[in-house]
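Work through these short exercises with the structure open. Each task is followed by a stepwise solution.

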Amino acid sequence: MSIVTDSPVWRPFTQHALQPGAYKIAHAEGAWLTAEDGTRFLDAISSWWVITHGHRRPEIMAAIRKQTETLDQIIFAGFTHEPAEALARRLVEITQPGLDYVFYSDSGSTSVEVAIKMALGYWRHRGETRARVIALEHAYHGDTVGTMSAGARSVFNAPYEPLLFDVARAPFPHAGAEQETLDALEKFCREGAAAFIVEPLILGAGGMLTYSAQVLREMKRICETYGTLFIADEVMTGFGRTGTLFACEQADIVPDIACYSKGLTGGAVPLAVTMCKREIYEAHYARDRARAFFHSSSYTANPIGCAAALANLEVWEKTDARARVANLCAMQAERAARFAQDSRFSSVRQLGTIVALDMTVAQSGYLATISLDLMRFFNARGLLLRPLGPTIYVLPPYCVTGEELDLVHAGIDEAARQFGG
Ligand SMILES: *Cc1c(COP(=O)(O)O)cnc(C)c1O
């Protein structure tokens with residue numbers, strides 16, 4: 001087995017004392033990863049949610065190759081290039097009407113940092129002192145200090161707690177308790193919050209927790225009433241994951257600011273955008289240099305990333321991508337239904353292409369060893385699954401076939417036989 005143990009690499013979200021090794025992958029294609037020795041893994045979580053159509057989608061790979069023949073990175077202040085201009089125009093067209101400006105960066109976290117900075121800049125330049133951010137319980141918005149502040153407080157960010165800024169925290173809208181969420185949101189908005197940041201329809205890292213489009217719509221309405229800016233963090237939900245191209249479409253709302261990253265290039269290379277309404281851009285527009293938006297990532301609008309993203313948008317426009325997503329939603333529903341009446345699982349839920357379920361076990365919480373045990377169990381069966389504590393979720397690339405999906409769901413069934421209690 002190709003496992004690397006002796007390595008200077010410090011890996012993300014990894015306790016090296018418990019997980020000393022990492023599989024060394026040499027090849028990726030479609031829904032599969034292949035290790036150096038030929039061992040294969042079915043990538044049932046789209047390599048941490050980024051791969052949309054499948055690994056090494058030919059059109060995207062070709063666009064990257066072609067772009068490398070003319071431009072690598074160039075400075076993006078005072079200079080621009082066609083891939084960035086064309087991509088921005090296309091993004092304005094395909095997102096909900098009103099998101100008219102595109103700010104480039106390079107990861108989901110930076111796109112959220114940019115969103116928060118845009119919101120605070122907006123209020124300051126309008127001469128109002130609004131600086132409070134509202135976020136949801138169980139939220140995840142990234143791992144930088146600003147995004148951790150908006151995210152739920154947990155063991156993941158406990159050491160940095162002294163640095164995290166305070167946010168107003170609204171309870172998660174659990175089924176039947178939605179009004180509490182809306183009431184809390186309304187109270188914070190009435191008190192003059194600058195912005196509300198939310199993952200639309202599903203909270204990802206917080207445990208694949210879903211809530212309805214009506215609640216999302218109501219949240220937007222409340223924010224509008226009090227002028228609080230509505231930031232949609234579509235970093236995970238964007239590009240088909242929830243069944244529609246963007247999750248906000250399902251609630252028929254237009255956020256004031258939206259963040260997209262995973263899936264923007266089909267998952268091939270890093271790129272992110274923060275899009276916003278005209279008023280937010282205009283609040284920064286003045287002959288006064290102090291009102292400029294002071295943010296830049298070194299790799300802002302990387303031409304190769306932009307070319308990959310343009311090719312991805314073409315895949316959405318010119319191929320059967322939407323039909324594939326619809327088909328995957330149906331295939332997932334069929335398979336999830338089998339677990340719905342199964343006492344070894346609770347809260348079997350689906351949102352678009354994502355299925356999640358909680359395994360009934362004695363321990364709970366991410367730190368309980370169950371997630372590591374499950375991960376090893378799945379890996380040994382050639383499945384790349386990464387449970388969040390006892391929550392197992394299947395978030396596959398859209399190229400996955402019914403037979404491949406059967407392998408995943410059979411693996412989950414077997415795991416329940418071994419670990420369920
Ligand atoms: C992954 C994620 C982020 C952070 O994106 P990175 O590219 O890992 O920095 C932010 N928000 C949400 C909802 C995410 O799922």
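A charge sits over a ring if NZ of Lys or CZ of Arg is within 6 Å of the ring centre and within 35 degrees of the ring normal. The model is predicted.

**Exercise 1.** Find what Arg130 lies over, and give its distance from the ring centre.

Solution. Start at Arg130. Its partner is Trp123: Arg130 lies over the face of that ring, at 4.0 Å from the centre. Now look at Arg381. Its charged end sits over the ring of Phe377, 3.7 Å from the centre.

**Exercise 2.** Classify the pair formed by the rings of Phe13 and Trp48.

Solution. First, take the centres: they are 6.2 Å apart. Next, take the planes: they stand at 75 degrees, so the pair is edge-to-face. Then place the residues. Phe13 lies in the loop between β1 and β2, and Trp48 in helix α1, so the pair ties together parts 35 residues apart in sequence. Check exposure last. Phe13 is partly exposed at 38% relative accessibility, and Trp48 is partly exposed at 36%. Phe13 and Trp48 form one aromatic cluster with Phe156.

**Exercise 3.** Decide why Cys189 and Cys223 form no bond.

Solution. Apply the cut-off: a disulfide needs two cysteine sulfur atoms within 2.5 Å. The closest cysteine sulfur to that of Cys189 is in Cys223, 4.1 Å away, which is too far for a bond. Cys189 is buried, with a relative accessible area of 1%. Try Cys329 next. The nearest cysteine sulfur, in Cys399, is 14 Å away, and Cys329 is in no disulfide. Cys329 is buried too, at 17%. The final count is zero disulfides.

Key: Residues are numbered from 1 along each chain as its sequence is written. This is a predicted model: local features need pLDDT of at least 70, side-chain atom pairs count only at pLDDT 80 or more; totals for chains, interfaces and linings use all residues. Side-chain values use heavy atoms; hydrogens and water are left out. Buried means under 20% relative accessible area, exposed over 50%, partly exposed in between (1.4 Å probe, protein chains only). Rings of Phe, Tyr and Trp (its six-membered ring) pair if their centres lie within 6.5 Å; planes under 30 degrees apart count as stacked, over 60 as edge-to-face and the rest as tilted. Helices (H or I, at least four residues) and strands (E, at least two) are DSSP runs, numbered from the N terminus.
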